[in-house]
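Visitor: I have the model open and would like to go through it piece by piece. Could you walk me through some strands, helices and side-chain contacts?

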Amino acid sequence: MTVQNHQYWMAKALQLAKKGLYTTHPNPRVGCVLVKGGELIGQGFHLKTGEGHAEVQALANVLENFPKDHAAQLKGATAYVTLEPCSHQGKTPPCAEALIKAGVAQVVFGMQDPNPEVSGRGITKLKAAGIEVVGPVMEAECEALNPGFIKRMREGLPYVRVKLAMSLDGRTAMESGESQWITGAEARHDVQRLRAQSDAIVTGIGSVITDNPSMTVRIDSQDQEVDSKQVRQPLRVIMDSALSILPEAKILYPSSQACVFSIEEDIEQEHLKVLHKKGVDVRFSPRGEDGRLDLLDAMEQLADSGVNEVLLETGAELAGGFLQAGLVDEIVVYMAPKLLGSTARPLFQLPLDLMDEAVDLEFSSVRKVGQDLRLVYKPTYLEEDYEEGE
C-alpha cells in the first residue's frame, strides 16, 4: 500500500484509540483496524486494564463480521495499530503472538512501545514470524494520544497538567479567597472531562482548608463524549507537609481513592494514626531545598504507582512550586470575560524580579467554551531540557 493509504487507516485506528481516553489508565490508549483488499474487516480499541487489547478486540470483531470464514479473511490481512504490539505476558496474552497466530501478512504500527525494557521486541517477534512490519506511521499523532504513559515509561514521571481559571486581568480569586464562579457552566463541565482523563488530581492543603472540595469526576449522563458509567474516579492527592488535613475533609472519601503526601518529621503521630484508621494512604517525601515538600519525589512515587497523567488543581503557591521545579508539562487556562481587580489573587506565585527570569510559554491551542476561552500552553523549559539532552 502507499504511504497515503497507511495514513488513512492509521487515522482510523487513532479515532478508535480515542474512545479509551477516559478509561484505559494506567494502560495506554490504543486502536487497531484490520484491512484486507483495501476493505475494513475488523476494528477494536483498548477500553480498560484487564480487558483485551486493541488487537485482540479487532480480531474478535472479524469473527463477528465473518463468522463462517473469519480465518480466511485474516490470512494475508494488514493490521494497523497505533502502538507496537506487545510481546510480553501481562494481564492479557501478548498481542504480537495473537497477530502471528491469526495469519496476518503485514503490521503497520504508529509508534514503538516507549517502555525501554520491551521496546522493539514486538516488532522483532513479528518479523521473525515472516510478517512485514512498517512504521512508524503518524508517530507524532500517536504519541500525542498518550503523553502520560510515554513520559512515565521514558522518564519515570507523570505528565502534569495545571488547570487554572482566571479573569481577563489574570486573577483566580478575590483577595478574600472567593472564587465561585469565575468561569461559566460549560467551562466547568470541560474541567470534568480533564479530570476524567487523569489518573490523579493533585491539590494543596491550602485549597482543601479554604474550599473543602471533593475533587471527584462528575460527568453529566447526557454527555456525548464521555460515558459516565465507564469513567473511573482518579486518585485524589493532597500535598500537606505538616499533615494538617482534617479527617472529615471531603476529599478523603472514599479513602481508597485518596493519598496525602507529608514530611515525616513535621507530623503528629497521633493524627497519623487517626488517618490510618480511616484508611487514608499517607506517604512521605523528603524536605526539598526550599524547605518544603519535595515535589519531584512525590511525582516519582506517583509514577511508580502507575500514574500516567496528573491534573493539578490548586492555588498560586503550589502551582508556582510545580512550575519552578520544572514539573509542569502543560498549562490549561480557562479565561472568563470579567475583571477581578488589582488586589485579587494571581495565577502563579513566582518570586521573579528581572525580565530575564520570566517563564516563557509556547502557545498550543485556543477554543471557545461557552463564554470563556480555553487556552493551552507548554513551558519552553521542556524544549530546552530536550535540546540539552540531545
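Visitor: How many bridges join S4 to strand S5, residues 132-134?

Guide: There are 3 bridges between S4 and S5, and the two strands run parallel; two strands pair if DSSP finds at least two bridges between them, while the strands (E, at least two residues) and helices (H or I, at least four) are DSSP runs, numbered from the N terminus. Within that pairing, Gln 106 has Glu 132 in S5 as its bridge partner. The chain gets from S4 to S5 through H5, in a β-α-β crossover that is right-handed, meaning that, with the strands pointing away from the viewer, the path from the first strand over the helix to the second runs clockwise.

Visitor: Before I go on, what sort of model is this, and how are residues numbered?

Guide: It is a predicted model, in which local features need pLDDT of at least 70 and side-chain atom pairs count only at pLDDT 80 or more, whereas totals for chains, interfaces and linings use all residues. Residues are numbered from 1 along each chain as its sequence is written, and side-chain values use heavy atoms, with hydrogens and water left out.

Visitor: Back to S4, then: how many bridges join S3 to it?

Guide: S3 and S4 are joined by 5 bridges and run parallel, and Tyr 80 stands opposite Val 108 in S4. Of the 6 residues of S4, 6 are buried, so the strand is largely enclosed by the rest of the structure; buried here means under 20% relative accessible area, exposed means over 50%, and partly exposed lies in between (1.4 Å probe, protein chains only).

Visitor: And which residues of helix H4 are buried?

Guide: In H4, which spans residues 95-102, the buried ones are Cys 95, Ala 96, Leu 99 and Ala 102. Seen down the helix axis, the buried residues of H4 fall within an arc of 130°, so they line one face, the arc being that of the directions from the helix axis to the C-beta atoms. As general background, an α-helix has 3.6 residues a turn, so residues three or four places apart point the same way.

Visitor: What do those buried residues of H4 pack against?

Guide: They pack against helices H2 (54-65), H3 (70-74) and H5 (121-128), and against strands S3 (78-83) and S4 (106-111), with contact meaning heavy atoms within 4.5 Å. After H4 comes Gly 103, whose phi is positive, near 90°.

Visitor: Switching to cysteines, how many disulfides does a search of the whole structure find?

Guide: The search finds 0 disulfides, a disulfide being a pair of cysteine sulfur atoms within 2.5 Å.

Visitor: Why is there no bond for Cys 95 or for Cys 32?

Guide: The sulfur of Cys 95 has its closest cysteine sulfur in Cys 86, 3.7 Å away, which is too far for a bond. For Cys 32 the closest cysteine sulfur is in Cys 95, at 8.5 Å, again too far for a bond. Cys 32 is buried, at 0% relative accessibility, and Cys 95 is also buried, at 1%.

Visitor: Now salt bridges: how many does the structure hold?

Guide: It holds 15, where a salt bridge is a side-chain nitrogen of Lys or Arg within 4 Å of a carboxyl oxygen of Asp or Glu. One of them joins the side chains of Arg 29 and Glu 309 at 2.8 Å, N to O. That pair links distant parts of the chain, 280 residues apart, with Arg 29 in the loop between H1 (3-17) and S1 (31-36) and Glu 309 in S12 (309-312).

Visitor: Are those two buried or exposed?

Guide: Arg 29 and Glu 309 are both buried. The side chain of Glu 309 also meets that of Arg 161 in a salt bridge, at 2.8 Å, N to O; Arg 161 lies in S6 (159-167), 148 residues from Glu 309 along the chain, and is buried as well.

Visitor: Which residues are linked with those in a network?

Guide: The network of salt bridges links Arg 29, Arg 161, Glu 309 and Glu 330.

Visitor: And what does Arg 292 form a salt bridge with?

Guide: Arg 292 pairs with Glu 317, the closest N and O atoms being 2.8 Å apart. Arg 292 is partly exposed, with a relative accessible area of 46%, and Glu 317 is partly exposed too, at 42%.
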